[in-house]
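Student: Please pick a single part of this protein and take me through it closely. I would like to see how it sits within the whole chain.

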Amino acid sequence: MKTLVSVYAGSPRDYGFEPLFAGKSAFDRVIEWINYLGSQSELHLHGGVVFTSPQYKERIESLAKGCAVPLQVLAGDFTSVKEFITALDSCRGTCTTIIHGRYSCPFYDGELTRELFDFHHKYAAEYTFAEGWPEGLAPVVINGSTVSILKTLVETRDYGSVGRDVFFDIIRSDINSFEVETLMAPEDMRQYRLDFSCHSKEGQVACLQVYQTLLSEFGSENTGEFKSALTANNLSSKAIFVPGVLRTVPAFYNVQISATCPGTCTYCPYPKAYQEVHKHPPFQAPEKNSSCFMKLEQFKPLVASMAELSGEAVVALSLWGEALAHPDFIGFVEAVLAHPGLSALIETDGSLVTAELSKRVAQLARAASPRTNSHPPVMWIVSMDSQNQQMYEKMRGTGQESWPISFAKAQEAFQILNQDFPGASYVQFVRTTVNEEQLEDFYRSRKDSGGLIIQKYDDFLGAMPQKQVTDLSPVLRNPCWHQRRDMVVLVDGGVPVCREFLLSGDCGNVFNQSLKEIWEKGRSMPFMEKCEDCDEYYTFNF
């Protein structure tokens, strides 16, 4: 019996090669993990192979010189599932078992790997993975013969690009034909969605934060105590108490580029909040509010700062107000797409969507560099909330005489967008006591015709009437996802603690302060009294 260790670096990023861990990179530590596996005679490690892109071949070969296990570096385009599986099958030789990991995971647990390996063979599995630990602490184990079977499957169907669960993405298409085993963690940490891999800025920050926490506790990574602390179980239990691990960098920027909208949605607090501040309704903002629209020259350096701080993120242009009403809307989308790590999200009532506008944005998306954040360049959400005009009016009103909105127009807008942005366009239904009766019909009639979002009702800390259909909150309160991952930016640059705080910019202003400074201030903001009654803490954007 021979074992091969496989390391995927088919679409690497520099995060995994930066020497952040006492002069070692995440990939350096992966090499150390392989060396450990090679020292375990019961694993029968025959050799290893790293799959990477041509531009990283020399770099990886240089770093791999410290590997005591014979390590082959294959260079090519392994970003597609078909190409990767085919290459792995061709180079596995007579190896009956493959331990597969990723180049960017500095904390692979050698002892957990051994346990996973033993578990795999004890139960005669074809594919075995660990569940309940944060991502990046355990590899997967797969039989060599199973890879050959997967090779035949990928020849008949397109499985897209390689993801972190590349084998299971194929296996689950015919799950009953495979023997799959799962090694469960003693404590389930999945609800925290921690990712200890340096494949993104977010993951890199989390890895560095937990590493520095251990250093401050034990002084040096050369001590026995430090090495003993680098177990999957210990890292998992410790990480959830490290603020810098839970809150790394923003993954979602919710930006108000336009203050104007028809202002008749019955479940939205914005029209009333705007009226109280500006003494006129938001649909009159272009005539009465000189600061109605964010300036494009202000946004361009702001979005550059987003890319620098986060690396990869989604930038929504629709916080309060109709983004398509902005006279420079196209320029805002173009500014986001100038950064390969960022994607644009536009939520609209559809009233200003035209075929011409859609095609112009689609052209920008096609011309943009490939995204590195795993999202399409541009995504759209059309607010529908109903199955007919009568319910639409109950939920969203009819707009203004000068700016009408309707169910028919929203439908038409989605059809236009879905044609130009297939797989990146969604209709949204905010579920309330008013429209609950139409939810099933809405879902059934649309589930096969494009993207579909069922959104829970939000009373915005009591600012809106209670119309929630059911209580979906967890039994135990987890740290707020929005505090951990979102940054909200108002049209004047103000940054509230979160969207629930509406138009109060308590954390600072992006036009005269750095994003990093504001993000750090938000990190230190105490748990607000208002937060106690918030029902949005468990909802998740990106």
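**A helix and its surroundings**

Tutor: Start from the outside: the protein chain exposes about 23,500 Å², and carbon and sulfur atoms supply 49% of that area. Keep in mind throughout that this is a predicted model. The chain has 20 helices and 16 strands. Its radius of gyration is 25 Å, close to the 24 Å that the globule rule gives for 542 residues, so the chain is as compact as a globular protein of that length. Along the principal axes, the C-alpha trace spans about 80 × 55 × 45 Å. Of the 542 residues, 54% count as buried. Among contacts between residues at least 6 apart in sequence, 75% join residues at least 24 apart.

The part to look at is helix α14, residues 329–337. Eight of its nine residues are buried, so the helix is largely enclosed by the rest of the structure. Buried here means under 20% relative accessible area. The buried residues are F329, I330, G331, F332, V333, A335, V336 and L337.

What does the enclosing? The buried residues of α14 pack against two helices, α13 (296–310) and α15, and against the strands β9 (313–316), β10 (342–348) and β11 (378–383).

Now take one residue of the helix, F329. Leaving out residues up to four places away in sequence, F329 touches I257, L317, A323, L324, I346, L357, V361 and W380. F329 also belongs to the largest nonpolar core, which has 71 residues; within that core F299, L317 and F329 touch the most other members. In soluble globular proteins, nonpolar side chains tend to be buried together. A second, separate core of 58 residues includes I34, V50, F119 and F226.

Next, move to one of the neighbours, helix α15, which covers residues 355–367 and contains S358. S358 counts as buried because its relative accessibility is 1%, where the cut-off is under 20%. Apart from residues within four places in sequence, S358 is in contact with I416, L417, D420 and F421.

Beyond α15 comes the loop that leads to β11, and S374 lies in that loop. With a relative accessible area of 69%, S374 is exposed, unlike S358, which is buried. The backbone of S374 has a positive phi of about 70 degrees, although the residue is not a glycine.

A positive phi also appears at H44, another residue other than glycine, where the angle is near 55 degrees. H44 sits in the loop between α1 (26–38) and β2 (45–52). Its relative accessibility is 39%, so H44 counts as partly exposed.

A loop residue can also be buried, as M189 shows: it has 2% relative accessibility and lies between β7 (180–184) and α7 (201–218). M189 touches G132, P134, S236, S237 and I240, again not counting residues up to four places away in sequence. One of these partners, S236, is 47 residues from M189 along the chain, yet their C-alpha atoms are separated by 7.1 Å.

To return to the starting point, α14 is largely enclosed because eight of its nine residues are buried, and those buried residues pack against helices and strands that include α13, α15 and β10.

Technical notes. Residues numbered from 1 in each chain as written. Heavy atoms only, no water. Helix = DSSP H or I, 4+ residues; strand = E, 2+ residues; numbered from the N terminus. Rg over C-alpha atoms; globule rule 2.2 N^0.38 Å. Buried < 20%, exposed > 50% of the residue type's maximum accessible area, 1.4 Å probe, protein only. Contact = heavy atoms within 4.5 Å. Areas by Shrake-Rupley, 256 points an atom, 1.4 Å probe, with all protein chains shown as cover. Core = buried A, V, L, I, M, F, W, Y, C linked by side-chain atoms within 4.5 Å.
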